[in-house]
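Colleague: Could you take a close look at one part of this model for me and then place it in its wider setting? I'd be glad of the numbers as you go.

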Amino acid sequence: MIVGAGFAGYECARTLSRLAKGAAEIVLLNPHDYFLYVPLLPEVAAGILEPRRVAVSLTGTLPGVRLVLGHAHDVDFDARRVSYTDPEGREGSLSYDRLVLTVGSVNKLLPVPGVAEHAHGFRGMPEALYLRDHITRQIELAGAAEDPAERSARTTFVVVGAGYTGTEVAAHGVLFTDDLARQNTGLRDGPRPRWLLLDVADRLLPGLDERLSRTADRVLRSRGVDVRTRTSVKEATSDGVLLDDGEFLHSRSLIWCVGVRPDPLVDSLGLPTDKGRLCVDKFLGVPGRPEVFACGDAAAVPDLTRPGEVTPMTAQHAQRQGKVAAHNVAASCGQGSPRAYEHRDLGFMVDLGGVQAAANPLHIPLSGPLAGALTRAYHLLAMPDNRIRVAADWLLEAVLPRHGVQLGLLSSWSVPLDTETPEVARLPHDPPETA
Ligand SMILES: Cc1cc2nc3c(=O)[nH]c(=O)nc-3n(C[C@H](O)[C@H](O)[C@H](O)COP(=O)(O)OP(=O)(O)OC[C@H]3O[C@@H](n4cnc5c(N)ncnc54)[C@H](O)[C@@H]3O)c2cc1C
């Protein structure tokens, strides 16, 4: 049984089903019926990709795997049972012989007043869809506003956290709002929408190669993004954001991309953790529980290429760990021998929208259209399905104006920042979370 169908869980299920050839029952428990290709989520928020393009059908692409829709909330390791709640609120439980925990991560909060109430995260599909509609709505309301102060606040977008998520959201966002403003009679002659990207670090993309930071910085500034490093948020209100240097930015849009923390399920298991991630050995096994494995963002996997460190929370690692976990599950059932997880980073690709990207495949620094083309090619290859659909959207984007409509299906309260389940939108009858 695999809990969580993200990069690690999906790859684990796919590999196991190939290895088992029908000789094992493989159950995949996940709250929704798709694998979310998270790296392209900023393109959904910017109206380039339709949401279903980045959602790969689990039942359609994983033959031999039984999908159970549900959110796991408890694991009884002695009884070998996982309890879950299904999308209609019904309780259920499943027993297992082998368990792989791949529940990923959720938005990280910082104790800044007002942020939980007024900011939105960027980790799941509902948040990306909310943001797409919210941005479109702000531009439309600004176009109709008589008051210049309101117009300015509605066209000011603040992104906090300049890791790859925040950088990509700001890079795509500014192109999106420029397009929307050009199409809006009320804004066509007005000042351009304003984007700010803030980080406490002294450069964009902290933690990645400095050459990627320099490229991203240059591209964002050339588009007019106000990049502010060594800057943090002191308070958020419904009118805007107070910075630590005392400046108040009037805005209706605070996008919180300060990072992620492991899924709270991990904390509730009563097993040893390292910074909230479940401790595992180099074979991705949970010590003392030979039938339990864990990997991806939710697990602290020893990084054999950097002794003493754990692998970073990236798709690159999660996907490969899922594959190794599958082999080790098979080995624990007598098929093959266990493999230690070892992977040296192959570089990173940061999609900056338009034809731009900052990339260092195999640690060769690239920028400009070549990096942009490579980044898109990489994503197409890395996606397990939907490639033609994604490529078709990119083609349409190249020849047609941006499709600026908001469906308004998600409200601000349905995508709270502080949530254990960023993968599903909150509904009016949902009980409050007890995190
Ligand atoms: C905007 C953005 C862009 C990114 N770009 C890149 C990139 O370019 N390259 C890169 O390497 N990394 C990138 N990352 C990071 C990458 O997406 C994560 O490291 C990766 O998704 C982790 O994979 P995972 O399988 O551990 O978790 P996830 O992919 O998050 O999957 C976890 C799954 O578990 C499910 N789940 C959660 N809780 C439960 C539960 N209790 N019960 C059942 N199911 C549950 C979730 O619904 C989800 O399906 C990006 C992240 C973001 C947010």
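Modeller: Happy to. Let me start with a term: a residue counts as exposed if 12 or fewer other C-beta atoms lie within 10 Å of its own, as buried if there are 20 or more, and as partly exposed in between. Pro 401 is exposed, because 10 other C-beta atoms lie within 10 Å. Please keep in mind that this is a predicted model.

Pro 401 sits in the segment that follows helix H12 (387–399). Beyond its neighbours within four places in sequence, Pro 401 is in contact with Asp 179 and Gln 183. For a sense of span, the C-alpha atoms of Pro 401 and Gly 334 are 57 Å apart in space, with their positions 67 residues apart in sequence.

From there, the part I would look at closely is the pairing of two helices. Packed helices in general are described by the angle between their axes and by the distance between the axes. Helix H1 (residues 7–20) and helix H10 (residues 315–332) have axes that come within 7 Å and cross at roughly 35 degrees. The hand of the H1 and H10 crossing is right-handed. On the H1 side, the residues that take part include Phe 7, Gly 9, Tyr 10, Cys 12, Leu 16 and Leu 19. Among their partners on H10 are Ala 315, Ala 318, Gln 321, Gly 322, Lys 323, Ala 326 and Val 329. Sorted by class, the contact of H1 with H10 holds 12 nonpolar, 6 polar and 2 charged residues.

Where does Gln 316 fit in? Gln 316 is a residue of helix H10. Gln 316 is partly exposed, because 18 other C-beta atoms lie within 10 Å. Outside its close sequence neighbours, within four places, Gln 316 is in contact with Asp 345 and Leu 346. Gln 316 and Val 399, which are 83 residues apart in sequence, have C-alpha atoms 32 Å apart.

Just past H1, in the loop between H1 and E2, you will find Lys 21. Most residues other than glycine have a negative phi. Lys 21 has a positive one, near 50 degrees. Lys 21 is also exposed, since 8 other C-beta atoms lie within 10 Å.

A second residue with a positive phi makes a useful comparison. Phi of Leu 284, again not a glycine, is near 70 degrees. Leu 284 belongs to the loop between strand E21 (277–279) and E22. With 31 other C-beta atoms within 10 Å, Leu 284 is buried, whereas Lys 21 is exposed.

Gly 285 has its place in strand E22 (residues 285–286). Gly 285 is partly exposed, because 19 other C-beta atoms lie within 10 Å. Its contacts, leaving out neighbours within four places in sequence, are Val 280, Pro 290, Phe 293 and Asn 328. From Gly 285 to Val 301 is 16 residues along the chain and 9.5 Å between C-alpha atoms.

Both helices of the pair also help to surround the ligand. H1 and H10 are among the elements that each supply at least two residues of the shell around the ligand, and so are strand E2 (26–30), helix H2 (41–45), strand E6 (71–76) and helix H7 (164–183). In all, 36 residues surround the ligand, and the closest are Gly 4, Gly 6, Gly 104, Gly 296 and Thr 314. By class, the shell divides into 20 nonpolar, 12 polar and 4 charged residues.

Now for the wider setting. The chain is divided into domain 1 (2–31 + 70–107 + 261–332) and domain 2 (115–258 + 347–414). Their centres, taken over C-alpha atoms, are separated by 32 Å. The ligand shell draws at least three residues from each of domain 1 and domain 2.

One last stop is Val 227, in strand E14 (residues 226–228). Val 227 counts as buried, because it has 21 C-beta neighbours inside 10 Å. Not counting residues up to four places away in sequence, Val 227 touches Leu 197, Leu 204, Asp 217, Leu 220 and Arg 221. The C-alpha atoms of Val 227 and Arg 203 are separated by 9.3 Å, with the two residues 24 apart along the chain.

Technical notes. Residues numbered from 1 in each chain as written. Predicted model: local features only at pLDDT ≥ 70, side-chain atom pairs only at ≥ 80, totals over all residues. Axes fitted to C-alpha atoms, helices over the stretch in contact; angles between N-to-C directions. Helix = DSSP H or I, 4+ residues; strand = E, 2+ residues; numbered from the N terminus. Left-handed = near helix turned anticlockwise from the far one by under 90°. Contact = placed C-beta atoms within 7 Å. Nonpolar A, V, L, I, M, F, W, Y, C, P; charged D, E, K, R; others polar. Near = placed C-beta within 6 Å. Domains from an automatic or database assignment.
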